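Here's a quick briefing on a ligand site and a cavity. Have the model open while you read.

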Amino acid sequence: MATHSAAVPAPIKIRSLKELVDCGLQYVPQTYIRPPHERVDTTSSSVPVNGSFTEKLPIISLRQSGNQLRQQIGLACKEWGIFQVIDHGFPTILKTELWEAISHFFSLPTDVKIELVSQGPSTPLFFFSGLYAQDTVSDWKDTLGFRPNRSTNLNLLPSFLREPLLKFERKMGVLAQKLIEMVFSSLRLDENIFSEIHTRRRTMTFNYYPACPEPNLTYGLSSHSDIGSITILMQDAVKGLQVKREERWIDVEPMKDAFIVLIGDQIEILTNGQYESAEHRVTTNKTVPRMSVACFFAPSEEDVVQPLKEFVDAKHPRLYKETKFCDYLRNGLSKPLCGKTNLEFSSLKLLPA
Ligand code: OGA
Ligand code: NI
């Protein structure tokens, strides 16, 4: 249709999708339109299984004995690669304060947003909008990212964000440590050693998915698995996140106070596929914006990940080569998201015989 091939209108300088949508956009600009075979197939999302019930993600209470918890987490990792946790004891006030600060950030004019994340090379923040992406189809979202490391200066965080973000991050580190230890101990691995390695690199992203005038043409976030080891995600009350299971897309139902835990590619490599990373995506809707907070935990960029010998034998031949995390990361970030194709980078199958 003619309107769809129109370029983004340029009466004012717009550098965020939210701003464009807030101006009353009535159609999806070309840069966000998926080719027909990649579009949302609404008939396959959360279809009832055997016509009688909808498959539900595991929901795990952290208020139970260690053994029971380990067993449930192990089963959820093996069968799903994703689960929700409740009764985690994470202070509600820290979540509320972070949501408020992030909502405030996204409500600011784009120029102010850009200025807040452009405080020189040691700023720990970045802002990303796919509005002007070339050669690839963009995802329907704006993203603020937080990437602290030795060379970033936390004093450059805007004051409305600094306290809520740092307090949330500190507490999240404690919860993540506990969850990741459980994941490793469910594999009978030394949870102290492995959880330390797989939480060395920590980043967070804050996603704003505007309402979309034509939700069947685009995705909030294309199908992918997470590059690192474990992701802990907080979503608001708006549906959109889906996980792929046995060729079907299942909704990750919003649950008040729950966190979503996702297994990433580094765990799939380490366990030689015993725990597979979760393939997931975000769909858009016509009426309400959606927000999420994603906390990514991964090895440091210098760490090398490869299948442990415990997971390789005659019945389970080695699937992945050893890969330095920075190489895996660089490869993953250089391409558009596309299902679980990042793992091909480490796959032994593609190596010449
Ligand atoms: C991600 C992700 C899901 C969401 O950022 O990798 O999968 O609900 N986010 O925003
Ligand atoms: Ni993800």
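Strand 12 is the top contributor to the shell around ligand 1, giving 4 residues; strands here are DSSP runs (E, at least two residues), numbered from the N terminus. This is a predicted model, so to speak, with local features needing pLDDT of at least 70 and side-chain atom pairs counting only at pLDDT 80 or more, while totals for chains, interfaces and linings use all residues. Residues are numbered from 1 along each chain as its sequence is written, chains are lettered from A and ligands numbered from 1 in the order written, and side-chain values use heavy atoms, leaving out hydrogens and water.

**The shell around ligand 1**
- Strand 5 (201-209), strand 6 (219-224), strand 11 (280-283) and strand 12 (290-298) each put in at least two residues.
- In total 13 residues surround the ligand (a heavy atom within 4 Å of it), and the closest are Tyr 209, His 224, His 280, Arg 290 and Ser 292.
- The shell splits into 7 nonpolar, 4 polar and 2 charged residues, with Ala, Val, Leu, Ile, Met, Phe, Trp, Tyr, Cys and Pro as nonpolar, Asp, Glu, Lys and Arg as charged, and the others, Gly among them, as polar.

**Polar contacts (N or O pairs within 3.5 Å)**
- Tyr 209 has a side-chain N or O atom 2.6 Å from a ligand 1 oxygen.
- For Ser 292, a polar side-chain atom sits 2.6 Å from an oxygen of ligand 1.
- Asn 207 places a polar side-chain atom 3.4 Å from a ligand 1 oxygen.

Definitions and conventions
Polar contact = N/O pair within 3.5 Å; in protein donor to acceptor, adjacent residues only side chain to side chain.
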